[in-house]
Amino acid sequence: MKTIEILLAIFAFSNFTSVAEEEVDYAKVKPSTISTAITRLLDKPLSEEADDYSALIVNFAQASPDIAISLNTNFLPWLEDDKLPELALRLTSAYVAGNVAEQIRLDKAEDSPAAGIVAALKMYRKLRQTETLAKIPILERWGKMTPNEILAEAEANTKKENKQCGDSDVKKAPELQLPNEIGSLEFVDRTEYDDKNLGYSFRYQNENSLKADVYVYDKGIGNLLEGIDSPQAASEMTSMGAALKQMEQLGKYEKVREGKSGTKRFDDLKIQFLWARHSYKHAPGEEEIFTERRISDTFLLIHQGSFIKIRITATEDDLKEHHDEIDTLLREIAKQIKKPSSGKGDSSDVTHPPH
């Protein structure tokens, strides 16, 4: 089933952590600011600021009660090609941008897929002019159709898929059961987000500056591909850097830097995570200030239709000192992915989901 009722772009630069972790209120961003960002994004999709504009627009679409977007992947055929992850990001963010722009113009929270399609095609043409980009047959065909003709075709395909698949492809998010203590890391709490698409999270922390947050969520996407090799996984990792940059623009972080990236492997379990490192400093005046530079390590994979993301934040010295504990946490998660827990055990030693 490919109809997805959510308020964010499927593979775009939106990252719920910028709302859930950092508690940035994107809903309060002025519509005029969003409109300016949309214009600049669509005019210059390859500018240095384009990713930041995308992050702002999509996070606004997610957070604002005045925006309603019902995404249907039949409108987004570029997502079917796993060889085009970066293009998928750009075209999907353009679709959201066009949809949001129309709702701001009309001052009405009503989905406008036609405006989204027009914006996506505009970006496609811009990219074709400025990049060595091969033609995408379906977008070339769409360019000769009216938005209403495209909508009719997509809706017909959706009805056909729904009839064939029903809701049988809906998967329950995996329930992780982790130890209450891992070395100096102690379980702090579990959060269930009001938006079910954001799933749930665990937090671990030690007495110093080390934090470990574990997130399990699907963003309402019904066709996430297992492992780390899909465009969904790649784009979700990309969103982390964009979210940190957005925090810098909002004055909460400063000196955000992108570091190394790669994979974290557990060969004996045949499990691997995507990994990316960023660094930053808390801006003066924030409630929680760490004067030393912070390292943010993100690990991510897709399992049973959900993203599983682990974000480690600490000073560089703490990362070195507690490397083994971090490795143990990742291994515990990898073991459950390899062989899911039966849910049995001593509740004093295991963090169970609430019933």
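This is a guided tour of a predicted model, moving from the whole chain to two nonpolar cores and then to a few single residues.

Begin with the whole protein in a cartoon view, where the secondary structure comes to 10 helices and 12 strands. Of its 355 residues, 51% count as buried, and if you switch on a surface, the protein exposes about 17,200 Å², of which carbon and sulfur atoms supply 48%. Among contacts with a separation of 6 or more, 66% are between residues 24 or more positions apart.

Next, go to the interior. In soluble globular proteins, nonpolar side chains tend to be buried together. Select Leu176, Phe273, Ile310, Ile312, Leu329 and Ile333, which have the most contacts inside the largest nonpolar core, a set of 44 residues. To see where this core draws its members, colour β6 (200-205), β7 (211-217), α8 (231-249), β9 (271-282), β10, β11 (306-314) and α10 (323-338), each of which supplies at least two of its residues. Helix α10 gives the largest share, with 6 residues.

Keep Phe273 selected and display its surroundings: leaving aside residues up to four places away in sequence, Phe273 touches Ile228, Gly262, Thr263, Lys264, Phe266, Phe299, Leu300, Leu301, Ile310, Leu330, Ile333 and Ala334. Apart from the core just visited lies another one, of 42 residues, which you can locate by selecting Ala61, Leu76, Ala97 and Trp142, all among its members.

Now select Arg294, which is found in strand β10 (residues 294-303). Which side chain of opposite charge is nearest to the buried Arg294? It is Asp318, at 5.7 Å, and Arg294 has no salt bridge; the absence follows because a salt bridge requires a side-chain nitrogen of Lys or Arg within 4 Å of a carboxyl oxygen of Asp or Glu. With residues up to four places away in sequence again left out, the contacts of Arg294 are Ser209, His278, Ser279, Tyr280, His282, Thr313, Ala314 and Thr315.

Finish with two residues picked out by their backbone. Asp107 sits in the loop between α4 (85-106) and α5 (113-130), and although Asp107 is not a glycine, its phi is positive, at about 55°. Is Asp107 buried or exposed? Its relative accessibility is 70%, so Asp107 counts as exposed. Lys255, by contrast in setting, lies in strand β8 (residues 253-266), and Lys255 likewise has a positive phi of about 55° without being a glycine. Lys255 counts as partly exposed because its relative accessibility is 45%.

Note on methods. Residues numbered from 1 in each chain as written. Predicted model: local features only at pLDDT ≥ 70, side-chain atom pairs only at ≥ 80, totals over all residues. Heavy atoms only, no water. Helix = DSSP H or I, 4+ residues; strand = E, 2+ residues; numbered from the N terminus. Buried < 20%, exposed > 50% of the residue type's maximum accessible area, 1.4 Å probe, protein only. Contact = heavy atoms within 4.5 Å. Areas by Shrake-Rupley, 256 points an atom, 1.4 Å probe, with all protein chains shown as cover. Lys, Arg positive; Asp, Glu negative; His and termini not counted. Core = buried A, V, L, I, M, F, W, Y, C linked by side-chain atoms within 4.5 Å.
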